[in-house]
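Visitor: Please pick one part of this structure and walk me through it slowly. I'd like to see how its pieces fit together.

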Amino acid sequence: MASTKTIQIVKQTEPVLAKYKEDITSTFYKNLFEQHPELKDIFNMTHQANGLQAKVLANAIFHYSKYIDQLEMLSGAVEQIAQKHASLAISPEMYDIVGAGLLEAIKEVLGEAATPEIIEAWAEAYGDLAGIFIQREEQIYKDFEVKPGGWRGYKSYAVVKKEVESETITSFYLKPCDGKGCPEFLPGQYISVRVKGDAHSHTRNYSLSDSPGKDYLRISIKKEPAVKDFAQGVVSNYFHKEVEEGSLINLGIPSGEFTLKPGDKPVVLLSGGVGVTPLMSMLNALMEQGKRTVYFLHAAKNSGTHAFASHVRQLSDQSGLLKSYVFYDEPLEKDLCGKDYDYQGLVSETVLRSILPSVEMDFYFCGPTPFMQNILSILRELGVAESNIHYEFFGPSEELNAVPSVE
Ligand SMILES: Cc1cc2nc3c(=O)[nH]c(=O)nc-3n(C[C@H](O)[C@H](O)[C@H](O)COP(=O)(O)OP(=O)(O)OC[C@H]3O[C@@H](n4cnc5c(N)ncnc54)[C@H](O)[C@@H]3O)c2cc1C
Ligand code: HEM
């Protein structure tokens with residue numbers, strides 16, 4: 001626990017630092033990647049370019065510093081971040097680098113206003129915060145390492161099958177090169193994939209898209225197109241174009257808290273586009289368990305981009321427990337309503353009311369941010385308990401500020 005003096009200084013200076021947080025963070029990252037180019041292998045450099053991660057880190061550090069005298073308040077947030085860090089194999093040494101870099105950036109931006117006393121207080125505060133993450137992350141590493149098929153850091157896997165799921169999404173089946181078998185994971189969890197690039201390696205998260213207990217791990221990747229003047233997605237296009245059966249891929253450990261909670265309530269799985277991947281893992285696991293009713297709602301542009309369509313149709317033909325509904329917002333001429341899809345347009349409150357007999361269910365959703373904002377606002381409108389609402393972002397976590405639903 002930080003000293004009373006440190007607590008006082010951090011609380012007094014937090015508003016000033018928060019005011020300059022964008023400057024401090026951009027200075028921090030600039031210095032960090034100049035002095036430690038090896039960290040470009042870990043950070044998503046596209047998030048750096050579009051400013052997303054810069055905002056997340058600055059907000060997190062300044063936000064958490066407000067709780068310096070009651071760090072236990074942060075436990076929920078710590079777990080989510082620790083899971084993300086664990087997937088990326090963040091080590092204690094990296095915390096030293098980040099801590100030193102952050103203090104250097106504060107000095108650089110604030111100049112003489114950053115007195116030695118202030119810097120010392122922030123060093124102590126960062127040290128306390130870092131200590132919490134380091135401890136939790138080490139626990140995650142230790143627990144996973146001793147599990148059957150477990151490892152620490154990254155492990156080499158071979159692609160054993162490449163399967164096209166739609167015009168934009170392709171699945172990759174992966175088996176460990178050491179032949180030791182695949183680890184258990186929780187449906188909904190993701191792994192990191194690290195691939196070599198020209199200047200540095202690239203690391204990205206991908207949800208595991210099949211249920212656990214198989215002799216392979218599966219990821220399903222959407223190829224990201226060029227947007228405006230920006231080049232097409234680096235890693236997703238590498239997978240689609242360069243990765244073939246026999247290619248070797250480095251995988252981080254399965255992580256994340258977006259996982260099926262135990263219970264016997266019906267489950268509602270809602271996905272938009274490639275957001276379907278963690279929900280496919282959940283769906284397959286629930287069907288294998290054969291106990292809970294599942295409402296599976298998926299929104300795609302049309303049959304061209306609709307992944308896993310025949311698999312889900314097959315499951316729902318086989319099991320009375322699965323009720324599947326498909327939404328297309330831009331159906332093709334050949335797409336038939338009632339056959340290829342059930343509703344045209346976005347998921348709406350009216351449709352959800354007509355499908356679900358009650359809202360006493362567990363809701364899980366994932367998709368593009370506007371899709372998620374729409375779903376969250378509908379669920380709140382329907383009066384779903386917050387504790388029954390679970391979602392995952394395919395990027396740095398954002399606040400899902402409620403926006404008006406489509407109705
Ligand atoms: C927990 C989690 C799970 C995920 N699961 C999946 C999954 O199962 N399947 C899946 O396909 N993806 C998943 N993702 C997303 C995945 O991690 C990658 O973000 C995605 O594949 C894009 O990576 P990329 O390297 O291809 O694209 P990037 O190179 O990161 O580029 C992404 C997009 O940004 C654009 N861009 C580039 N530079 C800029 C800039 N300066 N400003 C604005 N835009 C720019 C590019 O044109 C491109 O369209 C998941 C993400 C998370 C966090
Ligand atoms: C106390 C210190 C730290 C805090 C408060 C912090 C906070 C965060 C937060 C809030 C996120 C976003 C999580 C999410 O989107 O769910 C994140 C992601 C991340 N963190 Fe940290 N972090 C810290 C230390 C570190 C260190 C030491 C490293 C390693 C150099 C690191 C590397 C990363 C990376 C690579 C990501 C993923 C970002 C991306 O998309 O590129 N963090 N961190």
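Guide: Let's start with two strands, β7 (residues 267–272) and β11 (residues 362–366), which run in the parallel sense and pair over 5 bridges. Strands here are DSSP E runs of at least two residues, helices are H or I runs of at least four, both numbered from the N terminus, and two strands pair if DSSP finds at least two bridges between them. This is a predicted model, where local features need pLDDT of at least 70, side-chain atom pairs need 80 or more, and totals for chains, interfaces and linings use all residues. Residues count from 1 along each chain as written, chains are lettered from A and ligands numbered from 1 in written order, and side-chain values use heavy atoms, without hydrogens or water.

For one bridge, find L270: its partner in β11 is F365. Now zoom out, and β7 and β11 turn out to belong to an open, parallel sheet of 6 strands, ordered β10-β9-β8-β7-β11-β12. At the edges stand β10 (343–344) and β12 (389–392); each has a single partner strand, so one side of each has no neighbour in the sheet.

Helices pack on this sheet too. Helix α9 (residues 276–289) touches β7, β8 (294–300), β9 (322–328) and β11, where touching means heavy atoms within 4.5 Å. The direction of α9 makes about 150 degrees with that of β7; such angles, from 0 to 180 degrees, compare N-to-C directions of lines fitted to C-alpha atoms, for helices over the stretch in contact. Helix α10 (residues 309–318) also packs on the sheet, touching β8 and β9, and its direction makes about 145 degrees with that of β9.
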